[in-house]
Amino acid sequence: MSLNALVDVNCPHCQKQFVENAKLIRAGGSAWCPECEQLFALDETNEAIRKVLDAAKAARRRRKDRLNDLKQRWADPPPQAATPADTPRTLTEVLSVLDALLLRLDDGKDLVKAKDDKAA
Ligand SMILES: [Zn+2]
């Protein structure tokens, strides 16, 4: 995706098509053909030119909309990760399970005792 709004222009001299920055395609202005290297007026009364002018206008609007959309996204706060209310409790449970596992590794015989100590 180009940063610039681009538009296809047909050269009235050589009939070749080239791509121009929509920013430069304005009614009453002119365009330069890279094929035959001729400058031609962007005359609104010319049907083909008017279509190009309309396409350029639409391309500029789309680009503006896209930029506004991006700005809007940046302005919005980042989406919050859904945090279940019971996460701390769950985390504590996980830690206590790990604790129990470590205690079992330390001394399997004292597992029940260790649990009792904790509860006390
Ligand atoms: Zn040309």
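**Reading the helices, strands and core of a predicted model**

Mentor: This is a predicted model. Let us begin with its secondary structure: the protein chain holds three helices and four strands.

Trainee: Which pattern does the protein chain follow when read along the sequence?

Mentor: The pattern is β-β-β-β-α-α-α.

Trainee: How many Å should H1 span, and how far apart are its end C-alpha atoms?

Mentor: The expected span is 1.5 Å times one less than the number of residues. H1 has 29 residues and should therefore span 42 Å; its end C-alpha atoms lie 42 Å apart, in agreement with that expectation.

Trainee: Which residues make up the largest nonpolar core?

Mentor: A nonpolar core is a set of buried residues of certain kinds, joined through C-beta atoms within 7 Å. Here the largest one has 10 residues: Ala-5, Val-7, Val-9, Ala-22, Ile-25, Ala-31, Cys-33, Ile-49, Leu-53 and Ala-56. Strand E1 (6-10) and helix H1 (47-75) each contribute at least two of them, and H1 gives the largest share, three residues.

Trainee: Which residues of H1 are buried, and what do they pack against?

Mentor: Ile-49, Leu-53 and Ala-56 are the buried residues of H1, and they pack against E1.

Trainee: What is Ala-22 in contact with, leaving aside its neighbours within four places in sequence?

Mentor: Ala-22 contacts Ala-5, Leu-6, Val-7, Ala-56, Ala-59 and Arg-60.

Trainee: What percentage of the protein chain is buried?

Mentor: Of the 120 residues in the protein chain, 8% are buried. As for contacts between residues at least 6 apart in sequence, 30% join residues at least 24 apart.

Definitions and conventions. Residues are numbered from 1 along each chain as its sequence is written. This is a predicted model: local features need pLDDT of at least 70, side-chain atom pairs count only at pLDDT 80 or more; totals for chains, interfaces and linings use all residues. A residue is buried if 20 or more other C-beta atoms lie within 10 Å of its own, exposed if 12 or fewer, and partly exposed in between; C-beta atoms are placed from the backbone. Helices (H or I, at least four residues) and strands (E, at least two) are DSSP runs, numbered from the N terminus. Two residues are in contact if their C-beta atoms, placed from the backbone, lie within 7 Å.
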